Each structure stands twice: as structure tokens, then as C-alpha cells.
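Reader: I would like to learn how to read a protein model. Could you take me through one, feature by feature?

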Amino acid sequence: ALGLHLNHEEFVYSIRRRLGVPVYTQEGACPAGRCKGQVDVLGIHSLNCSLGGERIARHNHLRNAIYDAAQMAALAPRKEQVHLISGHGGIRPADVFIPQWHQGKDSCLDIVVTNPLQQETVAQCAVSGDFAVNKAYNGKVTKFGDKCAAEGLAFFPIAVDTLGSWHTSSLATITKLGTQQARHLDKEPAEQVRFLRQRLAISLAKDCASMLASRAPDHAPATVDGDQDFD
């Protein structure tokens, strides 16, 4: 009921990734729709694959959890607010928009999930574990920061990687949101912040596990003269 439960399959995939052991027994072609990629045994491709809609669902579930927390704090949030940037009606810097949230400014919370094990960042992450999440955070700032500032908006990227590591500034934003939620609900702030972080972490783990499960490579059974060779 609290949204903090992993089923058996989700738990197994999550633990394999946490331990850094293979999530699949062998590699193969990605079974997702028209994808031409190859699924590796560590599931790196599976968490990057954009086909099938799971990446969007993963993003939206995090957005919804943050929106729900802001709503429970009576902050009058709005999802996917449009027309925030003059002359750029199609740009949406706010997955969650909170009026007058920071120093009297309307605030834009924009979520990004990155995979630290992908080829573009894995070498740097081996040296600095937060490299990928910092890169994702800074990329959002570069894209929207100045545009929001020009409109008098406060901009807060919410950056996390697929192993559950958050950017330090994003954690501060989540902490502020959880604290305000606690005050409105007359609950202990530390407990409410912990619950919000747990809810976000479990949501991310469930969706990553779903992507891994749906992209397990299919292999035809080996045969000799039409007979199955082995079980």
C-alpha cells in the first residue's frame, strides 16, 4: 500500500545489478520491437533502449511521486506546465511546476535518469562514481537554466542514475519537498523525507527491473537434424 514493495523478479534483477553480476545468462538480439541493438549480459543496453515506452514510464513514475509529495504539502503543483519560456512554447523545463516555491519564484523541477554503465560514461564513472549523474544534472542546467532565469523562474534538475545515486543538489530539493510535506501533515520531517526517498528509490528499481525483464534475449533451442540437442 505504501509503494515500497519489490516482487521476486524485481528483487532478483535489482540484487544482480547491485552486485555487478550478469543479469542474463547470455547475450542476444534485443527483443524490443524494431530495436536492432544487442542485449549484453549486464543489461546495459536494456536500460538504455528507448523502444517500448518503459523509459518514459520510468520517468513519469518518478514525476508522479514528486508531484504527489508536492500536492500533499499543499504546494499547488502542476504537471508538464507549458508556455513557461517566451518564444519557445514547445520547451517544457518543468516536469513538476510549483508556484512561488523558492524565494518567491515559481519553480521548475525537471527529472532526468541516466545509466552510468553506458559506453559514454563508464570509464569516467570507474574513477568518479558520480560522474554520470553530475553530467546529466549539468546537461539540464545548460539546456534550461539560463532560459528559466530570464523568465524569473527557479530551475531544479532532479538527476539520478539507474543504480540509485542522486545528484547532491537534487537530494537537497527532495529533502526540502519532504520537509514541507511533513510540516503540512504534522509529521516528523526526517521520517517523511526518508519515506519520500524510499518511494522514489523503489519506483526507480521497479521500472529498471521491468526493463531488464522485458528485454531478456530470446534464444532458439539448439537442434540436430530437427531434434532438440539439449535441455
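Author: What follows goes from the whole chain to its pocket, its cavity and a few single residues. The model is predicted, so local features need pLDDT of at least 70 and side-chain atom pairs count only at pLDDT 80 or more, while totals for chains, interfaces and linings use all residues. Residues are numbered from 1 along each chain as its sequence is written, and side-chain values use heavy atoms, with hydrogens and water left out.

Reader: How many helices and strands does the protein have?

Author: Helices (H or I, at least four residues) and strands (E, at least two) are DSSP runs, numbered from the N terminus. Here there are seven helices and eight strands. Along the principal axes, the C-alpha atoms fill a box of roughly 75 × 40 × 35 Å.

Reader: What share of the residues is buried?

Author: A residue is buried under 20% relative accessible area, exposed over 50% and partly exposed in between, with a 1.4 Å probe and protein chains only. Of the 231 residues in this protein, 42% are buried. Accessible areas come from the Shrake-Rupley method with a 1.4 Å probe, and for residues only the protein chains shown count as cover. The protein exposes about 12,500 Å², of which carbon and sulfur atoms supply 51%.

Reader: What share of the contacts joins residues 24 or more positions apart?

Author: A contact means heavy atoms within 4.5 Å. Among contacts with a separation of 6 or more, residues 24 or more positions apart account for 55%.

Reader: How are pockets and cavities read, and what volume does the largest pocket have?

Author: On a 1 Å grid over the protein atoms alone, a cavity is a set of points where a 1.4 Å probe fits but cannot get out; a pocket is an open set with protein on both sides within 12 Å along at least five of seven lines; lining residues have an atom within 4 Å of a point. Grid points are joined across faces, edges and corners, and a volume is the space filled by probe spheres set on the points. The largest pocket holds about 370 Å³. It is lined by 20 residues, and S14, R18, L163, A201 and A205 are the closest to its centre. Both α1 (8-19) and α7 (189-214) supply at least two lining residues, and α7 has the largest share, nine residues.

Reader: Which residues line the largest cavity?

Author: Its lining consists of A69, M72, Q181, F195, L196 and R199. Helices α3 and α7 each give two or more residues to this lining, with α7 giving the most, three residues. The space inside is about 30 Å³.

Reader: Now single residues. Is C125 buried or exposed?

Author: C125 counts as buried because its relative accessible area is 13%. The residue lies in helix α4 (residues 122-127). Leaving aside neighbours within four places in sequence, C125 is in contact with P116, F131 and A132. The C-alpha atoms of C125 and E188 are 36 Å apart, with their positions 63 residues apart along the chain.

Reader: Which phi values do A74 and Q100 have?

Author: Neither residue is a glycine, yet A74 has a positive phi of about 60° and Q100 has a positive phi of about 50°. A74 is in the loop between α3 (54-72) and β3 (78-79), whereas Q100 is in strand β4 (residues 96-102). Q100 counts as exposed because its relative accessibility is 60%.
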